[in-house]
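The following exercises concern the surroundings of one residue and of one ligand. Each is followed by a solution in steps.

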Amino acid sequence: MAMVESKSVIYRKLAAHAFLWFFLALIIFPLLMVIAISFRTGNFAVGDIIPSNPTLDHWRLALGMSIIDEAGRTIPPPFPVLLWLWNSVKVAVISAILIVALSTTCAYAFARLRFSGRSLLLKAMLIFQMFPAVLALVAYYALFSRITEYFPPLGLNTHPGLIFAYLGGIALHVWTIKGYFETIDKSLEESAMLDGASPWQAFRLILLPLSVPILAVVFILAFITAITEYPVASILLQDEAKLTLAVGSQYYLNPQEYKWGDFAAAAVMSGLPITLVFLLAQRWLVGGLTAGGVKG
Amino acid sequence: MADVKIDHLVKNYNPGVARDVLRDINLDIKEGEFVVFVGPSGCGKSTLLRAIAGLDDITSGDLYIGGKRMNDVPPVNRGVGMVFQSYALYPHMTVRENLAFGLKIKKVDKAIAKERVAQASAMLGLDSFLERKPKALSGGQRQRVAIGRALVQHPDVFLLDEPLSNLDAALRVKTRIELARMHQERGSTTIYVTHDQVEAMTLANKIVVLSPLTDDGAASNLEQFGPPLDLYHAPANRFVAGFIGSPKMNFLGGMIEEAGAQRTRIKLDTGVSLTASVDSSRGRAGDKVEVGIRPEHTVLLDDPRADNRITGTVQVAEHLGAETFVYLEVGGKDFTVKVRPETPAVPQSQFDIGVPADACYLFDAKGQAFPRTARFNRT
Ligand SMILES: Nc1ncnc2c1ncn2[C@@H]1O[C@H](COP(=O)(O)OP(=O)(O)OP(=O)(O)O)[C@@H](O)[C@H]1O
Ligand SMILES: [Mg+2]
């Protein structure tokens, strides 16, 4: 049942479509470039978008297989790219889960409980978060080396340590989730409490199931942030075997030799888990969960 | 089953900053009574209901349910069930899950829970919607689910906040009768908030009239608590008189000409004198007063009970078929009368109406009612 539209609306729609396609191309082009580079023979950043004599060498190396070069020598993969990818996924999944758990409970407190200093705390959190993490790198290093002295499993050069560092960045998520909670009528939880639910049960059985879409969004955002994060991970992690892909793939690029092809293959690979998580999480990104609950 | 006693209750959402929402409320609601709260929007009806349920704390005063002081008892342990003004159904659960939620939380035996849900659903006609989510229900159906959800808990005190406000007229009447029947069957103490006069008059054993607090330092905003007909025939003050009854009571200013224990002579501001069956012995000649006359208590001039005559200018006449309302202007004030159907009333023409002395209400300058010495019924 499409509404009848005037001619000018149709033209405007066409224009909008054209604009969107242009925009999409702008976004997708760099990605295509990287994919092209990863299939291009040799390590060149510039060249045709469709490689003239494509090769799988960069991908073989990235996937941990040896290759044989023109001179007939066997070249072993220089870096454990798959291990890095696994590290990245591990750190990202765990930190995203913890971030969702922390920011949800935090947001519940801010949205539903009344305590003194509430609004001050909220604003302070946001303001502190405005300083880029890069500025605090020294502090991060100092903090974690101190932690290493007392409790090495959470210190420098450990994945738990890195995850711990990532947990600091929840202020924005708290705001997002709090905003969502506030759109859910309080009477739902009150009604649950009259039905005999404890505050925790009202939170878990009523509020949480209704908030699934926003939790999925926060999970995706936290996951992407953790997968692509470079500065903090590069400071905290040192062993080659412990690096995340974002940090490790930089090893391909040193001033003596920019291995653009190998780097591109690793870069495309780091995009895979993100795509996967996004596709999986999409089924939770649904609207209208709260429809029909309250009048008006 | 339980009685509810409210003792000097005060509620202020923000003490010291905001003004009180409820002040010095005293109510004694007997076991099994059906009590209706009425009052203009914002007078604190929902607030009082929420205070009884324990969803809002009480600023001062005491609340007893079943003889037990409940001030610090959490909602779940008060034995109350509540139907929210906004329904507050759980959107992610089916109707069945909505009904059973509380029983599940309280770990009621599965078989008993199932039976109670089946009972409530049959009673409220929800059987064919049990597997649907609230989203897929009409307003009336949602309303019934909300009522059902409170019912299955078998509460001692049943609290309903404007439960019928979203239904169309026909369903409203039907559900109203259903509620009355339910109350007779179960006999649980019921407290009911409504804006609808008919609901209040028909359902209530007793009505509570609340008024919004202003800055005039009133001692309480509980205006009157009593059976519906008492409120209609013997309102405590001008506020209750104006609030109970539809269309509203007419008020005309004047002063006492001759006070008396049985009858009072009043001289209206329009210059006309009027006799009222009111005991004004606590007043004196010359006191400023207001006379109240209900639209349905006026009679034709040739009626033998037409002790007084009021003359006004016709503004509008509404012919509803079964009755006719004529809107007059009397001495610059609106004056509504209910007359026999098809009574001719030409706009801008003079219209005379008879007012029996027994039909008059009288209020002093502070709005307090003088006792009436008779009750008037038109037929
Ligand atoms: N949480 C709150 N904080 C502060 N003031 C409130 C709060 N809830 C209600 N009030 C105020 O208390 C007064 C009474 O509100 P309440 O909801 O009890 O009115 P009501 O009689 O139920 O009105 P209605 O008939 O419109 O439902 C209103 O003036 C309202 O502004
Ligand atoms: Mg209300």
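**Exercise 1.** Which residues does A:I170 touch, not counting residues up to four places away in sequence?

*Solution.* The model is predicted: local features need pLDDT of at least 70, side-chain atom pairs count only at pLDDT 80 or more, and totals for chains, interfaces and linings use all residues. Residues are numbered from 1 along each chain as its sequence is written, chains are lettered from A and ligands numbered from 1 in the order in which they are written, and side-chain values use heavy atoms, with hydrogens and water left out.

Step 1. Apply the contact criterion, heavy atoms within 4.5 Å: A:I170 touches A:I99, A:L102, A:S103 and A:Q129.

Step 2. Place the residue: A:I170 is found in the chain A loop between α6 (159–166) and α7 (171–183), where helices are DSSP runs (H or I, at least four residues) numbered from the N terminus.

**Exercise 2.** Determine how far A:I170 and A:K186 are apart in sequence and in space.

*Solution.* In sequence, A:I170 and A:K186 are 16 residues apart. From C-alpha to C-alpha, A:I170 and A:K186 are 24 Å apart in space.

**Exercise 3.** Identify polar contacts of ligand 1, that is, pairs of N or O atoms within 3.5 Å.

*Solution.* Step 1. Consider the backbone: an N or O atom of B:C43 lies 3.3 Å from an oxygen atom of ligand 1, and a polar backbone atom of B:G44 is 3.0 Å from a ligand 1 oxygen atom.

Step 2. Consider side chains: a polar side-chain atom of B:H195 lies 3.1 Å from an oxygen atom of ligand 1.

Technical notes
Polar contact = N/O pair within 3.5 Å; in protein donor to acceptor, adjacent residues only side chain to side chain. Helix = DSSP H or I, 4+ residues; strand = E, 2+ residues; numbered from the N terminus.
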